[in-house]
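Trainee: I would like to learn how to read a structure like this one feature by feature, with the general idea given before the particular case. Could we take one residue to begin with and then work outwards?

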Amino acid sequence: MIGRLNHVAIAVKNLEAAAAVYRETLGAEVSETVPQPDHGVSTIFITLPNTKIELLEPLGESSPLAKFLEKNPDGGIHHICYEVDDILAARDRLVAKGARVLGNGDPKIGAHGKPVLFLHPKDFCGTLVELEQR
């Protein structure tokens with residue numbers, strides 16, 4: 001059901017400082033900062049030959065990412081994102097197998113302009129999973 005790994009998301013306190021590490025230290029291609037108000041974060045994408053790294057910074061005080069950074073003050077891996085062909089069919093299959101979809105279960109538009117859903121980390125070995133429609 002799942003396709004390729006789309007990205008690994010890393011929560012950071014300072015997006016520009018983190019981007020500089022990837023750009024200047026690792027020599028990576030780094031995107032511009034893009035606010036994602038529907039998700040309460042700002043994002044930067046690092047392009048790799050086989051996937052992407054998403055750097056996340058809280059956008060506003062009510063950002064769900066702020067709580068993650070309270071528990072993990074140095075930042076860290078926040079979630080992994082897999083591609084799926086049909087996000088609604090994937091959701092229905094997962095729910096039928098007992099997985100929990102976060103929020104109301106309806107996809108939102110993600111950072112790539114495509115529908116996304118998040119799955120409860122307790123159902124996936126302690127890892128927050130994002131599904132993105134191809």
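Mentor: Let us begin with a single residue, bearing in mind that this is a predicted model. C125 has a relative accessible area of 80%, and it counts as exposed because the cut-off for that word is over 50%. The residue belongs to the loop that runs between β8 (115–119) and β9 (128–133).

Trainee: What is the sign of phi at C125, and about how many degrees does it reach?

Mentor: Phi at C125 is positive, at about 60°, although the residue is not a glycine. A glycine with a positive phi can be found elsewhere in the chain, for G27, just after α1, takes a value of about 70°.

Trainee: Since α1 has come up, which of its residues are buried, and what do they pack against?

Mentor: In helix α1, which covers residues 15–25, the buried residues are L15, A18, A19, A20 and Y22. They pack against four strands, namely β1 (5–11), β2 (29–30), β4 (41–47) and β5 (52–58). At the N-terminal end of the helix, N14 acts as a cap, with a side-chain oxygen 3.1 Å from the backbone nitrogen of E16.

Trainee: How should I read a nonpolar core, and which residues have the most contacts inside the largest one here?

Mentor: The general idea is that in soluble globular proteins nonpolar side chains tend to be buried together. In this model the largest nonpolar core has 24 residues, and those with the most contacts inside it are Y22, I44, I46, I53, L55 and L131. At least two residues of this core come from each of β1, α1, β4, β5, β6 (76–84), α3 (87–96), β8 and β9, and the largest share, 4 residues, is supplied by α1. Apart from this core lies another one, of 7 residues, which includes A9, L56, F68 and L69.

Trainee: If I take I46 as an example, which residues is it in contact with once its neighbours within four places in sequence are left aside?

Mentor: With those neighbours set aside, I46 is in contact with Y22, A28, E29, V30, T51, K52, I53 and L55.

Trainee: Let us turn to charged pairs. How many salt bridges are there, and where do the partners of E83 and D106 lie?

Mentor: The count comes to 6 salt bridges, when a side-chain nitrogen of Lys or Arg must be within 4 Å of a carboxyl oxygen of Asp or Glu. E83 pairs with R4, and their closest N and O atoms are 3.4 Å apart. This pair links distant parts of the chain, since E83 sits in strand β6 and R4 in the segment before β1, 79 residues apart. E83 is buried, with a relative accessible area of 10%, whereas R4, at 41%, counts as partly exposed. Both residues also belong to a network of salt bridges that links R4, E83, D85 and R134.

Mentor: D106 forms a salt bridge with R91, the closest N and O atoms being 3.9 Å apart. Because D106 lies in the loop between α3 and β7 (108–109) and R91 in helix α3, the pair ties together parts that are 15 residues apart in sequence. R91 is buried at 18% relative accessible area, while D106 is partly exposed at 47%.

Trainee: And what distance separates the closest N and O atoms of D123 and R100?

Mentor: For the salt bridge between D123 and R100 that distance is 2.9 Å. D123 is in the loop between β8 and β9 and R100 in the loop between α3 and β7, so that the pair links distant parts of the chain, 23 residues apart. D123 is partly exposed, with a relative accessible area of 27%, and R100 is partly exposed as well, at 39%.

Trainee: How do I find empty space, and which residues lie nearest the centre of the largest pocket?

Mentor: Rolling a probe the size of a water molecule over the atoms shows where empty space is left. Here the largest pocket holds about 890 Å³ of space. Its lining has 35 residues, of which P64, H78, L102, F118 and L128 lie nearest the centre. The elements that give two or more residues to this lining are β4, β5, α2 (64–71), β6, β8 and β9, and α2 gives the most, with 5 residues.

Technical notes:
Residues are numbered from 1 along each chain as its sequence is written. Side-chain values use heavy atoms; hydrogens and water are left out. Buried means under 20% relative accessible area, exposed over 50%, partly exposed in between (1.4 Å probe, protein chains only). Contact means heavy atoms within 4.5 Å. A polar contact is a pair of N or O atoms within 3.5 Å; within protein, one must be able to donate a hydrogen and the other to accept it, and residues adjacent in sequence count only if both atoms are side-chain atoms. A nonpolar core is a set of buried Ala, Val, Leu, Ile, Met, Phe, Trp, Tyr and Cys residues joined through side-chain atoms within 4.5 Å. On a 1 Å grid over the protein atoms alone, a cavity is a set of points where a 1.4 Å probe fits but cannot get out, and a pocket is an open set with protein on both sides within 12 Å along at least five of seven lines; lining residues have an atom within 4 Å of a point. Grid points are joined across faces, edges and corners, and a volume is the space filled by probe spheres set on the points.
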